[in-house]
Amino acid sequence: MNRLLVLLMFFWGSSFAQKNDILKNIEKFQEALNQKFLSEDTTPLPADELKNFKKHEFFKINTMYSIEATFIRTPYETPFIMQTTTNREPIYVKYGEAHFSIGSKEFKLNIYQNQELMKQEEYLNYLFLPFTDLTNGTETYSGGRFIDLKIPEKDTIMIDFNTAYNPYCVYNKKYSCPIPPIENDLKIAIPVGIKKYKK
């Protein structure tokens, strides 16, 4: 068999397998989020809304928004108070930057670390990515969405917008939720991830 054809088949097979893994991870995320909201022990929903809740509404999965971004560590940032939906004042620090492209456009998002959470062993590697985009207020929550990340080992970080979820204050006003900093406002629609909550 032609050597070039063999190489093409190898790379095509690897790409297909990688895409399949990404799809499975997104589906697992969606299922886990639904189960969390359906359980009385873990749901943020008020009791009267829980009884009518079936599942979240998500956009159709699109792996174009599963992005391997360039990660730039920013180690000397000053901790700051991130604005919230209440008078709570959590302390965050900018941990790094993610640089990536969607189509022909280049973007940058700041990635944060919660200074209280990092004291807990289970959150040692946890990073927080809040963002807003052009779907806010129409198809998605007006206050933006969140993505959970882990500290990368290399100079790239996987940002899968298909796993974007709503702040808990969308579902229950007893929660205090961070408001995405203006620096993380994307001037593009991100039509994947979770949609606006409808009671």
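## Asp160 and its surroundings

Setting aside the residues within four places of it in sequence, Asp160 is in contact with Ile22, Ile26, Tyr65, Ser66 and Ile147. The model in which these contacts appear is a predicted one, and within it Asp160 belongs to strand β7, which covers residues 156-160.

Asp160 carries a charged side chain, and a first question is which side chain of opposite charge is nearest to Asp160, and how far away that partner is. The nearest one is Arg145, at 10 Å, and Asp160 is buried yet has no salt bridge. Because a salt bridge needs a side-chain nitrogen of Lys or Arg within 4 Å of a carboxyl oxygen, the distance of 10 Å to Arg145 does not qualify. Asp160 does have polar contacts through its side chain, one of them with the side chain of Ser66 at 3.0 Å, and another with the side chain of Asn162 at 2.8 Å.

## The chain as a whole

The chain contains 2 helices and 7 strands, and when these elements are read along the sequence they follow the pattern α-α-β-β-β-β-β-β-β. Taken along the principal axes, the C-alpha atoms fill a box of roughly 65 × 45 × 35 Å.

Of the 199 residues in the chain, 43% are buried. If one considers the contacts between residues at least 6 apart in sequence, 63% of them join residues that are at least 24 apart.

## Salt bridges

Side chains of opposite charge can pair when their charged atoms come close. How many salt bridges does the structure hold? The count is 6, and three of these pairs are described here, beginning with Glu57 and Lys195, whose side chains meet at 3.6 Å from N to O. This pair links distant parts of the chain, since Glu57 is in the loop between α2 (47-50) and β1 while Lys195 is in the segment after β7, 138 residues apart. Glu57 counts as partly exposed, at 39% relative accessibility, and Lys195 is also partly exposed, with a relative accessible area of 23%.

In a second salt bridge, the closest N and O atoms of Glu97 and Lys94 are 2.7 Å apart, and both of these residues are buried. Arg145, already mentioned as the nearest side chain of opposite charge to Asp160, has its own salt bridge with Asp133, where the closest N and O atoms are 3.2 Å apart. Because Arg145 lies in strand β6 and Asp133 in the loop between β5 and β6, the pair ties together parts that are 12 residues apart in sequence. Arg145 counts as buried at 0% relative accessibility, and Asp133 counts as buried at 5%.

## Aromatic rings

The count of aromatic pairs comes to 14. One of them joins Phe128 and Phe146, whose ring centres are 4.8 Å apart and whose planes meet at 75 degrees, so the pair is edge-to-face. The pair links distant parts of the chain, with Phe128 in strand β5 (residues 126-131) and Phe146 in strand β6 (residues 145-150), 18 residues apart. Are these two residues buried or exposed? Phe128 counts as buried at 4% relative accessibility, and Phe146 is buried with a relative accessible area of 5%.

Another pair consists of Tyr168 and Tyr175, which is edge-to-face because the planes are at 75 degrees, with the ring centres 5.1 Å apart. Tyr168 counts as partly exposed at 22% relative accessibility, and Tyr175 is partly exposed with a relative accessible area of 23%. Both tyrosines belong to one aromatic cluster, which is formed by Phe37, Phe53, Tyr168, Tyr171, Tyr175 and Tyr197.

## Charges over rings

Two positively charged side chains are placed over aromatic rings. Arg73 lies over the face of Tyr95, at 3.6 Å from the ring centre, while the charged end of Lys195 sits over the ring of Phe59, 5.0 Å from its centre. Lys195 therefore appears in two settings, over the ring of Phe59 and in the salt bridge with Glu57, and the residue is partly exposed.

## Ile72 in strand β1

Ile72 is placed in strand β1, which covers residues 66-73, and with a relative accessible area of 37% it is partly exposed. Leaving aside neighbours within four places in sequence, Ile72 is in contact with Gly96, Glu97 and His99, and Glu97 is the residue that forms a salt bridge with Lys94. The C-alpha atoms of Ile72 and Tyr126, which are 54 residues apart along the chain, are separated by 16 Å.

Technical notes. Residues are numbered from 1 along each chain as its sequence is written. This is a predicted model: local features need pLDDT of at least 70, side-chain atom pairs count only at pLDDT 80 or more; totals for chains, interfaces and linings use all residues. Side-chain values use heavy atoms; hydrogens and water are left out. Rings of Phe, Tyr and Trp (its six-membered ring) pair if their centres lie within 6.5 Å; planes under 30 degrees apart count as stacked, over 60 as edge-to-face and the rest as tilted. Helices (H or I, at least four residues) and strands (E, at least two) are DSSP runs, numbered from the N terminus. Buried means under 20% relative accessible area, exposed over 50%, partly exposed in between (1.4 Å probe, protein chains only). A charge sits over a ring if NZ of Lys or CZ of Arg is within 6 Å of the ring centre and within 35 degrees of the ring normal. Lys and Arg count as positive and Asp and Glu as negative; His and the chain ends are not counted. A polar contact is a pair of N or O atoms within 3.5 Å; within protein, one must be able to donate a hydrogen and the other to accept it, and residues adjacent in sequence count only if both atoms are side-chain atoms. Contact means heavy atoms within 4.5 Å.
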